[in-house]
Amino acid sequence: MARLIGKVALITGAGSGIGRATAQLFAKEGARVMVADISGTGGQETVDMIRTSGGEAAFVKVDVSKAVDVEKAVKSVVDKYGRLDILYNNAGIEGALAPTHDSTEENWDRVIDINLKGVYLGMKYGITQMLKQGGGIIVSTASVAGLVGFTNMPAYCASKGGVVQLTKTAALEYAKQNIRVNCVCPGVIATPMIDRFTGGSAEARQSFVALEPCGRLGNPEEIAQAVLFLASDEACFITGVAFPVDGGFIAQ
């Protein structure tokens, strides 16, 4: 089933984890994919994987916290493929762990710049293009940490909560212009971010597993499937939604 035949997608943070899994799935479903990442190595690896599987993809290096980079990424996809049908704002970082009073201003600025400002910039330039062509679809990666609180992660939680609210605002602003805007809220997913949190410790990893009612970590491909649904015509009447994909986490 090729749900994205003829579509053009730009995916940030596509050099690993959820972004890579989504880029591969989109290509499998027929989309031409512009892989965007700050890592040239990771981004090109994703492109190579897609091409090896018979898909079409290209790479653009981007720092999502910089307007000039994001504008360039949108221009690159339009120059190469003629349009932008789907924007997936996925790039994000966890930042340093510390309670609010011990958190540094430097960490706050960095996390907010990448996780929230990066989504805003993606929307700004993505929506500008979509308005020119008569519509489009935007999905962003928020988190369960944007729906409930976590200790020692003030900047991360604030950034992801901001993504949820920005999603709702943009969805209302552009609903009549044929632009749908949604976000996914992953639970604890087996990605390089979790590897950094645990430092490779099996005991620490198990502590994350214990947070999930279903008794396991999610995997990037499961988030990719949710993003695909929101980006497909099957979700044509869905906008402004923060969609948990969390193994029951926020049901607790």
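In this predicted model, D63 sits in the loop that runs between strand 3 (56–61) and helix 3 (67–81). D63 is buried and yet takes part in no salt bridge, since the nearest side chain of opposite charge, that of K66, is 4.2 Å away, and a salt bridge requires the nitrogen and the carboxyl oxygen to be within 4 Å. Elsewhere in the structure, a search of the whole model finds six salt bridges, and the points below take up the surroundings of D63, the pairing of strand 1, several of these charged pairs, and three further loop residues.

**The surroundings of D63**

- Although D63 lacks a salt bridge, the side chain of D63 is joined to the side chain of S65 by a polar contact of 2.7 Å.
- When neighbours within four places in sequence are left aside, the residues in contact with D63 are I38, D69 and V70.

**Strand 1 and its partners**

- Strand 1, which spans residues 8–12, is mostly covered, with five of its five residues buried.
- This cover applies to both faces of strand 1, given that V8, L10 and T12 are buried on one side, while A9 and I11 are buried on the other.
- Strand 1 pairs with strand 2 (residues 32–37) in the parallel sense, and the pairing extends over five bridges; within it, I11 of strand 1 stands opposite V35 of strand 2.
- Between these two strands the chain passes through helix 1 (residues 17–28), and the resulting β-α-β crossover is right-handed.
- Strand 1 also runs parallel to strand 4 (residues 86–89), to which it is joined by three bridges, and here the bridge partner of I11 is Y88.
- Taken together, I11 is a buried residue that faces V35 in strand 2 and has Y88 as its bridge partner in strand 4.

**Salt bridges**

- Among the six salt bridges found in the whole structure is the one that E45 forms with R20, in which the closest N and O atoms are 3.2 Å apart.
- Because E45 lies in helix 2 (residues 40–52) and R20 lies in helix 1, this pair ties together parts of the chain that are 25 residues apart in sequence.
- The two ends of the E45 and R20 pair can be described separately: E45 counts as partly exposed at 39% relative accessibility, whereas R20 is buried, with a relative accessible area of 15%.
- R83 and D85 also meet through their side chains in a salt bridge, with an N to O distance of 2.7 Å; in this pair R83 counts as partly exposed at 31% relative accessibility, while D85 counts as buried at 8%.
- A further salt bridge brings together the side chains of E222 and R216 at 2.6 Å, N to O, and here E222 is partly exposed with a relative accessible area of 31%, as is R216, for which the value is 40%.
- R3, E29 and E234 are linked with one another in a network of salt bridges.

**Asparagines with positive phi**

- N152, placed in the loop between strand 5 (136–141) and helix 5 (154–174), has a phi near 65 degrees, which is a positive value in a residue other than glycine.
- With 35% relative accessibility, N152 counts as partly exposed, because the partly exposed class falls between under 20% for buried and over 50% for exposed.
- N178 is found in the loop between helix 5 and strand 6 (179–186), and its phi is likewise near 65 degrees, a positive value in a residue that is not glycine.
- N178 counts as exposed, its relative accessibility being 54%.

**P213 and its contacts**

- P213 is located in the loop between helix 7 (202–209) and helix 8 (220–231), where it is partly exposed, with a relative accessible area of 46%.
- Not counting residues up to four places away in sequence, P213 touches G247, G248, F249 and Q252.
- The C-alpha atom of P213 is separated by 24 Å from that of A158, a residue that is 55 residues apart from P213 along the chain.

Notes:
Residues numbered from 1 in each chain as written. Predicted model: local features only at pLDDT ≥ 70, side-chain atom pairs only at ≥ 80, totals over all residues. Heavy atoms only, no water. Buried < 20%, exposed > 50% of the residue type's maximum accessible area, 1.4 Å probe, protein only. Helix = DSSP H or I, 4+ residues; strand = E, 2+ residues; numbered from the N terminus. Pairing = 2+ DSSP bridges. Right-handed = clockwise from strand over helix to strand, strands pointing away. Lys, Arg positive; Asp, Glu negative; His and termini not counted. Polar contact = N/O pair within 3.5 Å; in protein donor to acceptor, adjacent residues only side chain to side chain. Contact = heavy atoms within 4.5 Å.
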